[in-house]
Amino acid sequence: MTQHDALEILKMGDNVFITGAAGSGKTYLLNEYIKYLRHAKVAMGITASTGIAATHMGGVTIHSWSGLGIRDRLNKYELQDLLEKAYLKKRFDEAQVLIIDEVSMLHHFRLDLLDRLCRAFKRRDEPFGGLQMIFCGDFFQLPPVSRYGELPARFAYHSDIWEKMKIKVCYLEEQHRQNDQKYIEILNAIRDNEVSDDILGRLQARLEKKTALIEPTKLYSHNADVDEENERELAKISGDLLVYNMSHHGKRQLVDSLEKSCLAPNVLRLKKNARVMFVKNNFEAGYVNGTLGIVESCSEYKIKVRLASGQIIDVEPATWLIEENGEAKASITQYPLRLAWAITVHKSQGMSLDAAEVDLSRSFEKGMGYVALSRVRSLAGLSLMGINEMALRVDDEVLAYDARFREQSKEHASWLKNQFPDDKDKRKSDFIDRAGKTAKPAEKKKKPSQYGRYAAYKKKYGKNKE
């Protein structure tokens with residue numbers, strides 16, 4: 001399915017699952033729908049299963065938005081306690097659409113808890129209380145992890161509510177990250193569990209090969225290794241060290257949440273010739289999340305970065321927001337850069353890397369190889385330091401469900417094609433009319449009367465002395 005067709009289905013108000021291979025434009029599609037809803041003044045919850053994914057859309061985690069936190073159970077007393085929280089009541093009352101990105105990392109039992117909570121707040125006994133639910137993700141990504149003492153984790157499609165939602169599947173088939181056909185064939189072969197000797201040979205040909213592009217980013221599993229590598233490389237460069245501190249606005253709790261989720265560091269330390277990575281999309285300026293470059297120059301108020309293409313970008317500070325109904329609740333501002341000699345595999349998710357040095361010799365989870373390799377734009381940008389059998393395997397269950405999702409997507413694409421234009425337009429307008437009714441205009445503050453101003457003054461300062 002194309003992004004255009006998927007957007008048409010979203011606008012009709014149905015529950016939708018957006019999926020597809022890495023680089024197929026899932027998050028871009030979500031952002032387009034978010035812009036559409038904002039223009040139509042439809043209140044929505046913008047969330048993701050992880051903080052990093054949430055920042056790509058200016059949202060928060062679903063755990064925070066819903067008030068569920070990390071609960072894996074919800075008794076009637078806990079439910080009542082949540083229902084009595086005024087800020088949650090206002091949030092659920094106003095929301096007509098709930099978006100959850102990276103649904104692959106959301107535990108199945110938490111999706112059922114969320115359904116129960118939505119029904120209670122909305123006072124409607126239907127899936128999620130009648131909210132339009134938008135799920136986005138790829139189940140070939142690494143699965144959710146259970147904490148000690150928590151219920152066993154399974155993918156969201158194992159929840160009781162999944163099959164009851166009458167969800168429309170939009171499987172995006174276009175590829176927007178890679179345009180190297182040979183590399184796309186490798187990734188598709190891993191994804192389809194059909195790695196032949198030829199495919200394996202193409203990968204092995206990249207063992208310890210230098211990339212044809214700029215120096216690759218090293219992917220590590222632990223933050224400590226990343227920080228050590230970056231600081232060591234920065235120290236090797238002569239010249240003045242420039243320090244850029246993040247600024248913030250809003251409630252401390254929300255600001256802390258943004259800072260933890262944002263890929264830009266609280267304190268950015270740079271020197272001329274430092275290796276950096278952009279950590280935000282800005283198509284107009286010429287970079288995306290994951291674009292690599294070298295600091296051409298840096299001063300107190302200006303940073304210039306040279307890309308592999310030779311293009312020089314004047315980097316402007318960027319702002320990350322937590323918004324609710326179009327109002328900024330918290331924000332942080334920093335240059336959208338981080339040192340990029342190394343980065344964690346976890347933080348690389350959602351990125352499009354020009355070049356990466358990847359070691360898969362100790363892969364221990366099915367799908368790990370696909371997740372790591374699909375970050376890179378081309379075969380020429382891959383330097384493979386090692387690989388084992390596990391790296392090329394995917395979960396058989398995920399493979400079976402993926403085939404079902406592809407078939408369902410074809411059925412829904414065919415359904416869309418058979419809709420008359422007037423019928424589609426009516427469905428869209430009916431949904432906006434219904435959903436937009438909860439968008440409340442801001443109340444105008446009444447100007448106090450002369451007597452009111454005097455009464456306020458008297459209350460504050462007491463009676464006038466004679």
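## Glycine 69

Glycine 69 sits in the loop that lies between helix H4 (62–66) and helix H5 (76–83). The model described here is predicted. With a relative accessible area of 24%, glycine 69 is classed as partly exposed, because that class covers values between the 20% limit for buried and the 50% limit for exposed.

Leaving aside residues up to four places away in sequence, glycine 69 touches His63 and Arg110. Arginine 110 is 41 residues from glycine 69 along the chain, and the C-alpha atoms of the two are separated by 9.7 Å.

## Packing of H5 against H7

Helix H5, which follows the loop of glycine 69, packs with helix H7 (residues 108–122). The axes of H5 and H7 come within 11 Å and cross at roughly 50°. H5 is therefore oblique to H7, since the angle falls outside the ranges for roughly parallel (under 35 degrees), roughly perpendicular (65 to 115) and roughly antiparallel (over 145). The crossing of these two helices is right-handed.

On the H5 side, the contact is made by Lys76, Leu79, Leu82 and Leu83, and on the H7 side by Arg116, Leu117, Ala120 and Phe121. Sorted by class, the H5 and H7 contact has six nonpolar residues, two charged residues and no polar ones.

## Packing of H1 against H2

Helix H1 (residues 3–11) and helix H2 (residues 26–39) form another packed pair, with an angle of about 40° and axes 10 Å apart. This angle makes H1 oblique to H2. H1 passes H2 in a right-handed crossing.

H1 contributes Gln3, Ala6, Leu7, Leu10 and Lys11, which meet Tyr28, Leu29, Glu32, Tyr33 and Tyr36 of H2. By class, seven residues in the contact of H1 with H2 are nonpolar, one is polar and two are charged.

## Arginine 91

Arginine 91 is located in helix H6 (residues 86–94). Its relative accessibility is 15%, so arginine 91 counts as buried, the limit for that class being under 20%.

The side chain of arginine 91 reaches the backbone oxygen of tryptophan 65, at 2.6 Å. This places the pair within the 3.5 Å limit for a polar contact.

Definitions and conventions:
Residues numbered from 1 in each chain as written. Predicted model: local features only at pLDDT ≥ 70, side-chain atom pairs only at ≥ 80, totals over all residues. Heavy atoms only, no water. Axes fitted to C-alpha atoms, helices over the stretch in contact; angles between N-to-C directions. Helix = DSSP H or I, 4+ residues; strand = E, 2+ residues; numbered from the N terminus. Left-handed = near helix turned anticlockwise from the far one by under 90°. Contact = heavy atoms within 4.5 Å. Nonpolar A, V, L, I, M, F, W, Y, C, P; charged D, E, K, R; others polar. Buried < 20%, exposed > 50% of the residue type's maximum accessible area, 1.4 Å probe, protein only. Polar contact = N/O pair within 3.5 Å; in protein donor to acceptor, adjacent residues only side chain to side chain.
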